[in-house]
Structure formats: structure tokens, C-alpha cells
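Colleague: Could you take me through one part of this model in detail, namely its largest pocket, and say what lines that pocket and how far the prediction can be trusted there?

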Amino acid sequence: VTEVAAAVQQAKAGQVEFRAQNQGVVMVGLGKVSFGADRLADNAIAALAAVLGARPDRFRGKPVHRITLSSTNGPGIDLDHHLW
């Protein structure tokens, strides 16, 4: 998106952007440290739904093997796999 106004409007509408690597690693920005726990949890659920929705139907098997949360340069925290 080259227009700033259009980018802001899409972000406010709930657009989720993520990057995928060849090894199956998906990186998603969920928020900032200043966000509350409820807001971060809502963002995480929306991001997971967007990633699963973008997954092609031809792929089989478990779509998510592991989820790790981390800040930009911080250590990662693995989430319990029973959550999803």
C-alpha cells in the first residue's frame, strides 16, 4: 500500500500482515508492550485465524506445530499446545 491514508484505514479495519519463510516459519506482529493482556490475546487469536485461513487446502496434517511468543530481541516463550 503506497498511500498512507489507505494503509491506516486497512490497519484499523483489522488487517493482519504476516511473513512466511520456506521452512514454514510464520512471523506476525501482535502489538506493543504497552498493550494490555486482553488486547494482545485478541490480536493473537486474530493472527492465528488469519494464518490458518491463508493456508492452502491441499496441505495435510496439523497446521500448527508450535507457537513461540517473543519481543523483538527478547527470549521466546513457547505456548502450551493444548491452547489451540
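Modeller: In sorting residues by character, Ala, Val, Leu, Ile, Met, Phe, Trp, Tyr, Cys and Pro count as nonpolar, Asp, Glu, Lys and Arg as charged, and the others, Gly among them, as polar. By that scheme the lining of the largest pocket divides into 26 nonpolar, nine polar and four charged residues. A pocket here is an open set of points on a 1 Å grid over the protein atoms alone, where a 1.4 Å probe fits and protein lies on both sides within 12 Å along at least five of seven lines, and lining residues have an atom within 4 Å of a point. The volume of this one is about 1600 Å³, a volume being the space filled by probe spheres set on the points, which are joined across faces, edges and corners.

This is a predicted model, in which local features need pLDDT of at least 70 and side-chain atom pairs count only at 80 or more, while totals for chains, interfaces and linings use all residues. Residues are numbered from 1 along each chain as its sequence is written, and side-chain values use heavy atoms, with hydrogens and water left out.

The protein has two helices and four strands, arranged along the sequence as α-β-β-α-β-β; these are DSSP runs numbered from the N terminus, with helices (H or I) of at least four residues and strands (E) of at least two. Of the 39 lining residues, V26, M27, V28, I67 and T68 lie nearest the centre of the pocket. Helix 2 (37-54), strand 1 (18-20), strand 2 (26-28) and strand 3 (68-69) each supply at least two lining residues, and helix 2 gives the largest share, with nine.

As for confidence, the mean pLDDT (the predictor's confidence in each residue, from 0 to 100) is 77 across the protein, and 79% of the residues score at least 70. Confidence is lowest in helix 1 (residues 4-12), at a mean of 63, and highest in strand 4 (residues 77-78), at 88.
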